[in-house]
Structure formats: C-alpha cells, structure tokens
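Got your viewer open? Grab the mouse and follow along, one selection at a time.

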Amino acid sequence: MADNSGSETTPSFLSSLPDQPITDDIVKQIGESNHPKIHGAMGFPGSTPGTIEAFLLNMEGVTHVLVFDSPAERWRVYESFDNTDMDHQQMIDHATEIANDWFAESLADRIASAEDDDSGP
C-alpha cells in the first residue's frame with residue numbers, strides 16, 4: 001500500500017503546492033526546475049479536463065507519486081519507490097500503476113461520498 005511513513009520521504013516543496021489540483025503546465029515547471037535532485041515530473045490526467053490530481057516526481061534515486069487529497073485539500077505522497085535499478089520507461093510504468101490504484105481508490109471514495117449525500121432526508 002502507500003508508503004507515507006515518516007517525513008524523511010516527503011519532498012520539501014510539497015507545502016509549496018497550491019491547495020487544489022494543478023495544471024500540466026505547473027507539473028512541467030516542476031520537472032524543468034533547476035533543483036539538482038529533481039530529474040523530471042509527469043502528470044496523470046485528473047477527473048476534470050485540464051487538471052492534474054496525481055503526478056510523478058522523479059528524483060535522484062527515488063520516484064514519488066503525489067496525489068491531491070480532496071477532503072484534506074492538500075497534496076500528499078501516495079507512494080514512493082526506489083528507481084535506481086529501473087530504466088525511464090519502467091519507472092513511468094510503475095508510477096502509472098500506482099497512480100491508477102489511487103484513482104480507483106479515490107473514485108470509489110467519491111462515489112460513496114456522493115451516495116451518502118444523496119441519501120439525505
């Protein structure tokens with residue numbers, strides 16, 4: 001499941017992300033930043049066209065899959081993994097699988113929340 005045990009795995013810039021889903025342009029800016037440990041970033045399209053609710057951040061030795069936690073209105077690390085023995089495509093494929101797991105889990109939560117809202121008086 002998600003590896004979010006401990007602040008040492010949390011990228012320090014996480015707090016600088018806005019309290020909302022972002023655009024692909026912002027993900028591109030993050031990936032192209034001059035930060036020496038950031039090797040790239042790639043967004044996964046969200047449930048709303050033009051928004052990114054999950055993206056991968058490829059860093060030196062580790063890739064983080066960051067997701068937007070709607071109820072908490074903040075970004076968080078959903079899962080991180082060691083990428084030192086992966087080529088670029090393997091890293092993307094693994095991050096995509098993780099993001100797809102989160103999207104499925106998130107969708108189920110959204111449906112359950114909507115059903116709870118609909119079952120009012």
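Let's jump straight in: is Glu73 buried or exposed? Select Glu73 and switch on a surface. Glu73 counts as exposed, because its relative accessibility is 52% and the cut-off for exposed is over 50%. Keep in mind throughout that you're looking at a predicted model.

**Stop 1: the turn around Glu73**

Stay where you are and look at the backbone. Glu73 sits in the loop between β3 and β4. Its phi is near 55°, a positive value in a residue other than glycine. Now widen your selection to take in both neighbouring strands. β3 and β4 make a hairpin, with four residues between them.

**Stop 2: along β3 and β4**

Select residues 62–69 for strand β3 and residues 74–82 for strand β4. The two run antiparallel, and eight bridges join them. Want to see a pair facing each other? Pick Thr63, then find Phe81 in β4 standing opposite. Next, colour β4 by accessibility: this strand is mostly covered, with seven of its nine residues buried.

**Stop 3: a salt bridge**

How many salt bridges does a search of the whole structure find? Just one. To see it, show the side chains of Arg76 and Asp69: these two form a salt bridge, and their closest N and O atoms are 3.6 Å apart. Is Arg76 buried or exposed? Arg76 is buried, because its relative accessible area is 18% and buried means under 20%.

**Stop 4: the other hairpin**

Move on to β1 (38–45) and β2 (52–59). These strands also form a hairpin, this one with six residues between them. They run antiparallel and are joined by seven bridges. For a facing pair, click Ala41 and look across to Leu57 in β2.

Now for the turn. Gly50 is found there, with a positive phi of about 85°. Select Pro49 too, in the loop between β1 and β2. Pro49 counts as exposed, because its relative accessibility is 78%. Then draw a distance line from the C-alpha of Pro49 to that of Thr23: the two are 26 residues apart in sequence, and your line should read 9.6 Å.

**Stop 5: helix α1**

Select residues 24–31, which make up helix α1, and pick out Asp24. Asp24 is partly exposed, because its relative accessible area is 45%. How far apart in space are Asp24 and Gly43, C-alpha to C-alpha? The gap is 6.1 Å, although they are 19 residues apart in sequence.

**Stop 6: helix α2 and a charged patch**

Head over to residues 88–118, helix α2, and find Asp93 in it. Asp93 counts as partly exposed, because its relative accessibility is 38%. Now add Asp87, Glu97 and Asp101 to the selection. Together with Asp93, they form a negative surface patch. Colour them by charge and turn the surface back on to see it.

**Last stop: zoom out**

Clear your selections and show the whole chain as a cartoon. You should be able to find two helices and four strands. Trace them from the N terminus and the order goes α-β-β-β-β-α. What share of the chain's 121 residues counts as buried? It's 36%. You've already met one of the buried residues, Arg76.

How values were computed:
Residues numbered from 1 in each chain as written. Predicted model: local features only at pLDDT ≥ 70, side-chain atom pairs only at ≥ 80, totals over all residues. Heavy atoms only, no water. Buried < 20%, exposed > 50% of the residue type's maximum accessible area, 1.4 Å probe, protein only. Patch = residues over 30% accessible without salt bridge, like charges linked within 9 Å, V, L, I, M, F, W, Y side chains within 5 Å. Areas by Shrake-Rupley, 256 points an atom, 1.4 Å probe, with all protein chains shown as cover. Salt bridge = Lys/Arg side-chain N within 4 Å of Asp/Glu carboxyl O. Lys, Arg positive; Asp, Glu negative; His and termini not counted. Charge placed at Lys NZ, Arg CZ, Asp CG, Glu CD. Pairing = 2+ DSSP bridges.
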